[in-house]
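Reader: I am new to protein structures and would like to learn how to read one. Could you take me through it step by step?

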Amino acid sequence: MVLAAAATGCTQTSVGQPRPVESSSPSRPRDVDLTGKDPCALVPEADLSAFDIDKTGKPDRNKDFDSPECYYSGNDHGYWVTLVTNNGIYVWLDGTYNAEVDEDDPVEGFAAFTVAADVPQNRCDVVVDVADGQYLMTTVLPDLPEVAFSESCELAHELAESAVSGLGE
């Protein structure tokens with residue numbers, strides 16, 4: 001399925017190292033267990049219009065992360081919310097994935113990283129540390145190749161904020 005490949009894009013490899021991030025242990029306002037949560041229920045309906053999304057999300061399973069995800073089709077972008085419950089956020093820093101990782105602004109008080117894979121170049125992922133061994137990931141993939149990576153990352157961060165707000169207390 002093309003969407004699944006487009007949504008992940010990072011490959012497991014021993015070649016290449018992610019850029020180190022200056023952080024030792026995650027800072028969280030609380031632990032949120034993602035087990036059993038519905039990724040399509042997290043983004044409040046009122047927020048969908050901010051992303052030019054006019055349809056409810058489509059539930060799926062991310063095969064690369066063996067995790068539930070939700071796909072939203074916007075007018076100019078594809079959006080994913082993935083709930084990873086089998087790996088912690090620091091898997092992005094240990095060389096498991098061939099991707100560039102940068103520390104991002106916190107999302108609702110939770111530590112977050114921006115992940116850039118090689119293909120496609122304007123796709124952006126934001127991973128948010130919500131509990132030991134679990135993270136929420138948002139992905140933005142523009143339909144147009146001329147959309148800047150920074151724009152994709154801004155949208156991915158905003159989507160992460162929206163999804164995390166849907167986790168509740």
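Author: We will go through confidence, the sheet, the disulfides and a few single residues in turn. Keep in mind from the start that this is a predicted model.

Reader: Then let us begin with confidence. What average pLDDT does the protein chain have?

Author: pLDDT is the predictor's confidence in each residue, from 0 to 100. Here the protein chain averages 84, and 83% of the residues score at least 70.

Reader: Where is confidence lowest, and where is it highest?

Author: The lowest mean, 36, belongs to helix α1, residues 2-8. The highest, 97, belongs to strand β2, residues 67-73. Look also at the start of the chain: over residues 1-24 pLDDT stays under 50, and for this stretch the model has 54 contacts beyond four places in sequence.

Reader: Thank you, that helps. Now the sheet: in what order do its strands lie?

Author: To read a sheet, go across it from strand to strand and note who sits beside whom. In this open sheet of seven strands the order is β1-β2-β3-β7-β6-β5-β4, and the pairing is antiparallel.

Reader: Which strands are at the edges?

Author: They are β1 (58-62) and β4 (100-107), each of which pairs on one side only. As you go across, neighbouring strands are turned against each other by 25° on average, with direction ignored.

Reader: Could we look at one pair of strands in detail? How many bridges join β5 to β6?

Author: Four bridges link β5, residues 110-116, with β6, residues 124-131, and the two strands run antiparallel. You can find a facing pair for yourself: V115 stands opposite D125 in β6.

Reader: Let us turn to the disulfides. How many does a search of the whole structure find?

Author: A disulfide is recognised by two cysteine sulfur atoms within 2.5 Å of each other. The search of the whole structure finds two. One joins C40 to C70, with an S to S distance of 2.1 Å. The other is formed by C124 and C153, whose sulfur atoms are also 2.1 Å apart.

Reader: Why is the disulfide of C40 and C70 called right-handed?

Author: Look at the torsion about its S-S bond: the value is about 105°, so this disulfide is right-handed. C40 lies in the loop between α1 and α2 while C70 is in strand β2, so the pair ties together parts that are 30 residues apart in sequence. Both C40 and C70 are buried.

Reader: And which parts does the link of C124 and C153 tie together?

Author: This link has 105° about the S-S bond and is right-handed. C124 belongs to strand β6 and C153 to helix α3, so parts 29 residues apart in sequence are tied together. If you number the bonded cysteines in sequence order, the pairing is 1-2, 3-4.

Reader: Are C124 and C153 buried or exposed?

Author: Buried means under 20% relative accessible area. C124 has 0% relative accessibility, so C124 counts as buried. C153 has 12%, so C153 is buried as well.

Reader: I would like to try that on other residues. Is S152 buried or exposed?

Author: S152 has a relative accessible area of 0%, so S152 is buried. This residue sits in helix α3, residues 149-165. Apart from neighbours within four places in sequence, S152 is in contact with N122, C124, V140, P142 and V147.

Reader: And D105, buried or exposed?

Author: D105, in strand β4, has 53% relative accessibility and therefore counts as exposed. Beyond neighbours within four places in sequence, D105 is in contact with A112 and H157. D105 and H157 are 52 residues apart along the chain, and their C-alpha atoms are separated by 8.5 Å.

Reader: One last topic, the backbone. What sign does phi usually have?

Author: Most residues other than glycine have a negative phi. Here D52, which is not a glycine, has a positive phi of about 55°. D52 is found in the loop between α2 (45-48) and β1, and its relative accessible area of 42% makes D52 partly exposed.

Reader: Where is E108, and what is its phi?

Author: E108 lies in the loop between β4 and β5. Its phi is positive, about 55°, although E108 is not a glycine. With 47% relative accessibility, E108 counts as partly exposed.

Methods: Residues numbered from 1 in each chain as written. Predicted model: local features only at pLDDT ≥ 70, side-chain atom pairs only at ≥ 80, totals over all residues. Heavy atoms only, no water. Pairing = 2+ DSSP bridges. Axes fitted to C-alpha atoms, helices over the stretch in contact; angles between N-to-C directions. Buried < 20%, exposed > 50% of the residue type's maximum accessible area, 1.4 Å probe, protein only. Contact = heavy atoms within 4.5 Å.
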